[in-house]
Every structure is written in structure tokens, then in C-alpha cells.
Amino acid sequence: MTSTAPAASPEELLRGAGLRVTAARVAALRAVGENQHATADAVLGSVRSELGTVSVQAVYDLLHALTGAGLLRRIEPAGHPARYERRTGDNHHHIVCRSCGAIGDVDCTVGHAPCLTPSDDHGFVVETAEVTYWGLCPDCRGKDSAVGPATQP
């Protein structure tokens with residue numbers, strides 16, 4: 001995000017979205033804010049370390065509620081578990097390491113992009129286009145110089 005306004009607290013975000021402020025929701029927002037592209041398991045671990053006992057189902061339920069309210073964005077790279085991020089409200093894309101699964105944000109695609117506008121929208125109103133770039137991150141590229149051309153998992 002490129003806003004220069006001070007970041008809202010998790011409590012303010014929840015109230016602004018019309019959600020009840022609960023310790024678990026605050027902890028989950030904090031966990032994803034500190035670990036962008038976090039898995040549900042990572043959020044669960046963080047929430048448990050902050051609050052103690054919380055069920056797996058409760059974390060999945062709150063991630064669903066936070067995503068539905070637009071406070072989190074869920075991405076699901078092929079062959080990898082779903083990830084959650086606090087960066088919402090824009091149409092940014094992602095780059096994924098096909099070896100270790102590291103994910104980075106890509107603000108914009110550049111150059112000719114023939115597939116971002118469908119040739120036939122089948123009556124749909126297109127809201128976003130998701131682009132996922134696949135390759136090797138710098139760490140994996142250094143470890144495995146024998147890897148051939150990048151392929152999607």
C-alpha cells in the first residue's frame with residue numbers, strides 16, 4: 001500500500017469493517033501483519049503463542065471472516081497451502097519460488113499483457129486479474145544451480 005496515513009490498529013480495522021473486536025481476531029491480524037503471506041498454520045501458531053489455547057477451527061473461521069470483511073486477502077498458489085496477507089484493495093500480483101515456496105508481491109505487470117483482458121467474458125463483470133509468476137528465489141537459485149528452466153508446479 002502506498003498510503004501515507006498512519007496505519008490503523010487491528011481494533012480500528014475490525015470496528016471499521018463492522019466486526020466485533022475479539023482477542024483472537026486482533027491476534028490474527030497482528031500475526032498476518034508481521035508475517036505477510038502467512039499460512040493458516042503460521043497464524044494458528046502465532047495466535048496460540050499470544051493467547052494460549054485456540055482451536056484450529058476457530059482460526060480457520062476467523063481467517064474466513066477477516067477475508068470476507070476485506071481485511072485479509074487469501075491467495076492460493078498452485079501446489080501450496082493458502083496464504084493470507086493484509087495488503088488488500090489493490091490488484092497486485094505475486095511471484096512464487098517453485099522450490100521453497102517463498103512469495104513476493106509484484107505491484108504491477110509491465111509490457112504487453114494480452115491475457116489480462118479476456119477475449120470472452122461470458123457475461124461476467126471482471127473485477128481483477130490474478131497473475132502468478134513462478135521461478136526460483138535468490139536463495140534457492142544459489143543452492144541448486146543444476147535446476148533447469150522454471151516450470152509451474
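Which residue takes a positive phi in the hairpin of β4 and β5? The legends below answer this in the fourth view and describe a predicted model throughout.

**Figure 1. Overview of the predicted chain and its secondary structure.** The chain contains 5 helices and 6 strands. Followed along the sequence, these elements appear in the pattern α-α-β-α-α-β-β-β-β-β-α. Of the 153 residues in the chain, 33% are buried.

**Figure 2. Close-up of the largest nonpolar core.** This core comprises 22 residues. Within it, the residues with the most contacts are L14, V43, L63, L66, L72 and Y84. Three helices each give two or more residues to the core, namely α2 (23–34), α3 (40–51) and α4 (56–68). The largest share comes from α2, which supplies 6 residues. As a general background to this view, nonpolar side chains in soluble globular proteins tend to be buried together.

**Figure 3. Close-up of the open sheet with the order β1-β3-β2.** The sheet has 3 strands, and its pairing is antiparallel. At its edges stand β1 (38–39) and β2, each with a single partner strand, so one side of each lacks a neighbour in the sheet. Strand β3 (residues 83–85) pairs with β1 in the antiparallel sense over 2 bridges. One residue pair can be followed here: T39 has R83 in β3 as its bridge partner. The loop between α2 and β1 holds H37. The phi of H37 is near 70 degrees, which is a positive value in a residue other than glycine. With a relative accessibility of 7%, H37 counts as buried because the cut-off for that class is under 20%.

**Figure 4. Close-up of the open sheet with the order β5-β4-β6.** This sheet also consists of 3 strands, but its pairing is mixed. The edge strands are β5 (103–106) and β6 (132–135), each of which pairs on one side only. On average, and with direction ignored, neighbouring strands of the sheet are turned by 25 degrees against each other. In general, the strands of a sheet pair through backbone hydrogen bonds, either parallel or antiparallel. Strands β4 and β5 run antiparallel and are joined by 4 bridges, whereas β4 and β6 run parallel and are likewise joined by 4 bridges. The hairpin of β4 and β5 has 5 residues between the strands, and G101 is the residue that takes a positive phi there, near 85 degrees.

**Figure 5. Close-up of strand β4 and its bridge partners.** Of the 5 residues of β4, 4 are buried, so the strand is largely enclosed by the rest of the structure. Towards β5, H93 stands opposite V106, and H94 has D105 as its bridge partner. Towards β6, H94 has T132 as its bridge partner, while C97 stands opposite G135. H94 thus has a bridge partner in β5 and another in β6.

**Figure 6. Close-up of the second largest pocket.** The volume of this pocket is about 160 Å³. Its lining is formed by R73, R74, I75, E76, P77, H92, H93, H94, V96, E130, V131 and T132. Two elements give two or more residues to this lining, β2 (73–75) and β4 (93–97). Sorted by class, the lining residues are 4 nonpolar, 4 polar and 4 charged. The bridge partners H94 and T132 are both among the lining residues.

**Figure 7. Close-up of two loop residues, N91 and H122.** N91 lies in the loop between β3 and β4. Its relative accessibility is 34%, so N91 counts as partly exposed. From N91 to D107 the distance is 7.8 Å, C-alpha to C-alpha, and the two residues are 16 residues apart in sequence. H122 belongs to the loop between β5 and β6. For H122, phi is near 55 degrees, a positive value in a residue other than glycine. Is H122 buried or exposed? At 62% relative accessibility, H122 counts as exposed, because the cut-off for that class is over 50%.

Terms used. Residues are numbered from 1 along each chain as its sequence is written. This is a predicted model: local features need pLDDT of at least 70, side-chain atom pairs count only at pLDDT 80 or more; totals for chains, interfaces and linings use all residues. Side-chain values use heavy atoms; hydrogens and water are left out. On a 1 Å grid over the protein atoms alone, a cavity is a set of points where a 1.4 Å probe fits but cannot get out, and a pocket is an open set with protein on both sides within 12 Å along at least five of seven lines; lining residues have an atom within 4 Å of a point. Grid points are joined across faces, edges and corners, and a volume is the space filled by probe spheres set on the points. Ala, Val, Leu, Ile, Met, Phe, Trp, Tyr, Cys and Pro count as nonpolar, Asp, Glu, Lys and Arg as charged, and the others, Gly among them, as polar. Two strands pair if DSSP finds at least two bridges between them. Axes are lines fitted to C-alpha atoms, for helices over the stretch in contact, and angles run from 0 to 180 degrees between N-to-C directions. A nonpolar core is a set of buried Ala, Val, Leu, Ile, Met, Phe, Trp, Tyr and Cys residues joined through side-chain atoms within 4.5 Å. Buried means under 20% relative accessible area, exposed over 50%, partly exposed in between (1.4 Å probe, protein chains only).
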